[in-house]
Amino acid sequence: MALPWRSRRSSLVKNKPVKRISGVEVSIPTHFRCPISLDLMKDPVTASTGITYDRASIEAWLDMGNATCPVTNRELKQEDLIPNHSIRKMIQDWCVANRSNGIERIPTPKIPVTKAQVTDIVSEIAAASRRRDRARCGQLVAKVRSSVREGERNRGCFESNGTGRALAAAFGAFAGVSSVDGSVTRVLEEILAALTTLLPLDEEAASHVGSPESLTCLVSILKHGDLVARLNAAVVVKELLACGGARADGTADTAGLVEALVKLIKEPVLPQITKASLVAIFYLTNYSERTASRVVGMGLVPVLIETLVDAEKSMCEKALAVLDALVGCAGGREQAYGHALTTPVLVKKMFRVSDTATEFVVSALWKLCKGEEEAGDEGEGRGRCLREAQQAGAFHKLLLLLQVGCGEATKEKATALLRLLNGYKKDECIDTTDFKGLKQPLLPV
């Protein structure tokens, strides 16, 4: 069956249109083209079957679960691929010869790391961290980062051979040094930078990063590190919390952690840091009402509401998630009631961002309106949230949401909101496209 297919493939190669560069037709020699992609090979490798492919194409073929050579149909393994330096040199010479036609010389590819090389690096990192050898550990970590940047294949090789666990263990080892000076801080930041390229954390890696000593160092970096270091620390904290709720309670009790994350949201320095901090705060508040009350006490609710006014999609989803968690406690609702933009901006975001954002909007509105009703006549601003929601067009949007469909939990909350809003039908709908006028009468926070 392989021969007819190969014949058709050869025909395709011969009849494939020549490469057109800046209006000039350049004929690419057949033996310079990959049999899979039919494009000029950039990193030619020869299989054990004798066929030369472009590395990216044949590795993608094998990664899809195929175990045979596409041309000969004979058994083939990834480790059987050998760089074909002769063909690569010929292709480079051909590119140089056709430079006047707009052909750029392909760079000499770097050879991917092997499992044996990665295993040696991992062993050396473990040994260096046991000796508290900062210089050697820093060199090895830099080597990991450099190799991972060279391609997804290298990253996969490091990830599948325990590099993340070794880096996490090294971070824990240096975090446990009795006196953390500048050199220790530098190696900790370097390890964090490498660790973020190999996420997510497995259970063993999380246990090292989640140790009291490691968390204390993470807090220090969040507070005093440069932008890149703070970003890496926020990302690692976020990933640590994503590993499981049981760890969140202990993590939240780390001195200064919650305060550092909230400060990075209230005083943004980089969008990526803000987003990672929002996700970390979401995990912390979602698992613990006590932590949610602490965060509310730090004044985050008004900040989130004002962030929502003109936030882009990703930031908006994360801010809504945290806001929904915070209005689950009485203090969070009181702060939300006291902000002129709360209800209008929540209603506006329904259907405007994403399905996920809409679910958070409905949940937050339900908590606010339900809390208002349960407070009775003594509640501050009795019925205000419901009237504002009706005026902003929430009733019709909720009806539309039920028509187009949503999750069961969201459907229940939307139905409950409609019942509450039904008593305020007389209130007229207003245009919700512009909140500039509403930003003036904000209550002091």
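**Exercise 1. List the buried residues of helix α17, then examine its coverage, length and N-terminal end.**

Solution. This is a predicted model.

Step 1. Buried residues in α17 are Met-315, Cys-316, Glu-317, Ala-319, Leu-320, Ala-321, Val-322, Leu-323, Asp-324, Ala-325 and Leu-326.

Step 2. That makes 11 of 14 residues buried, and α17 is mostly covered.

Step 3. Check the length. Helix α17 covers residues 313–326, and at 1.5 Å a residue it should span 20 Å. Its end C-alpha atoms lie 20 Å apart, so the two values agree.

Step 4. Look at the N-terminal end. Glu-312 caps α17 there, with a side-chain oxygen 2.9 Å from the backbone nitrogen of Ser-314.

**Exercise 2. Find which residues touch the most other members of the largest nonpolar core, and trace the surroundings of Leu-222.**

Solution.

Step 1. The core has 111 residues. Ile-191, Leu-218, Leu-222, Ile-281, Leu-300 and Leu-326 touch the most other members.

Step 2. Helix α11 (residues 227–242) supplies the largest share of this core, 9 residues.

Step 3. Leave out residues up to four places away in sequence. Leu-222 then touches Arg-230, Ala-233, Ala-234, Val-237, Leu-257, Ala-260, Leu-261 and Leu-264.

Step 4. A second, separate core has 22 residues, among them Met-41, Ala-47, Leu-62 and Cys-95.

**Exercise 3. Determine what covers the buried residues of helix α5.**

Solution.

Step 1. Helix α5 runs over residues 134–149, 16 in number. From first to last C-alpha it reaches 22 Å, close to the expected 22 Å.

Step 2. Its buried residues are Cys-137, Gly-138, Leu-140, Val-141, Val-144, Ser-147 and Val-148.

Step 3. The cover includes α4 (115–131), α6 (152–159), α7 (163–175) and α8 (182–195).

**Exercise 4. Classify the aromatic pairs Phe-32/Trp-94 and Phe-282/Phe-360, and place them in the chain.**

Solution.

Step 1. The total count is 4 aromatic pairs.

Step 2. Phe-32 and Trp-94 have ring centres 6.2 Å apart and planes at 70 degrees. Planes over 60 degrees apart count as edge-to-face, so this pair is edge-to-face.

Step 3. Phe-32 sits in the loop between β2 (24–26) and β3 (44–46), and Trp-94 in helix α3 (residues 85–97). The pair therefore ties together parts 62 residues apart in sequence.

Step 4. Phe-32 is buried at 4% relative accessible area. Trp-94, at 12%, also counts as buried.

Step 5. Phe-282 and Phe-360 are edge-to-face too, 6.4 Å centre to centre and 75 degrees between planes. Phe-282 lies in α14 (residues 271–287) and Phe-360 in α20 (residues 355–375), so the pair links parts 78 residues apart in sequence. Both are buried.

Step 6. Phe-282, Tyr-283, Tyr-287 and Phe-360 form one aromatic cluster.

How values were computed: Residues are numbered from 1 along each chain as its sequence is written. This is a predicted model: local features need pLDDT of at least 70, side-chain atom pairs count only at pLDDT 80 or more; totals for chains, interfaces and linings use all residues. Side-chain values use heavy atoms; hydrogens and water are left out. A nonpolar core is a set of buried Ala, Val, Leu, Ile, Met, Phe, Trp, Tyr and Cys residues joined through side-chain atoms within 4.5 Å. Buried means under 20% relative accessible area, exposed over 50%, partly exposed in between (1.4 Å probe, protein chains only). Helices (H or I, at least four residues) and strands (E, at least two) are DSSP runs, numbered from the N terminus. Contact means heavy atoms within 4.5 Å. The expected span of a helix is 1.5 Å times one less than its number of residues. A polar contact is a pair of N or O atoms within 3.5 Å; within protein, one must be able to donate a hydrogen and the other to accept it, and residues adjacent in sequence count only if both atoms are side-chain atoms. Rings of Phe, Tyr and Trp (its six-membered ring) pair if their centres lie within 6.5 Å; planes under 30 degrees apart count as stacked, over 60 as edge-to-face and the rest as tilted.
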